[in-house]
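Colleague: Could you walk me through this model? I'd like to know what stands behind the words you use.

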Amino acid sequence: MKKIILIVFTVFLNVVAFSCSPQSLSSEDTIPQACCGEDDHIPPPPPDGNGG
């Protein structure tokens with residue numbers, strides 16, 4: 001019985017410790033990402049030199 005209580009307590013503690021809260025989500029700095037052609041042109045990679 002003590003092992004079951006210990007396991008339940010450990011799971012509960014992990015859920016509380018690693019849960020995501022709205023405050024932590026809104027406080028994170030978000031970096032805007034380019035989408036749909038808004039980013040700079042990325043040149044193609046150089047040829048691999050295999051002659052092919």
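Colleague: Happy to start small: in which helix does Ile4 lie?

Modeller: Ile4 lies in helix 1; helices are DSSP runs of H or I with at least four residues, numbered from the N terminus. This is a predicted model, where local features need pLDDT of at least 70, side-chain atom pairs count only at pLDDT 80 or more, and totals for chains, interfaces and linings use all residues. Residues are numbered from 1 along each chain as its sequence is written, and side-chain values use heavy atoms, leaving out hydrogens and water.

Colleague: Why does Ile4 count as exposed?

Modeller: Exposed means over 50% relative accessible area, buried under 20%, and partly exposed in between (1.4 Å probe, protein chains only). Ile4 has 52% relative accessibility, so Ile4 counts as exposed.

Colleague: Why do you say that helix 1 lies largely in the open?

Modeller: Of its 17 residues, the number buried is zero, so helix 1 lies largely in the open. Across the protein chain, buried residues make up 0% of the 52 residues.

How values were computed
Helices (H or I, at least four residues) and strands (E, at least two) are DSSP runs, numbered from the N terminus.
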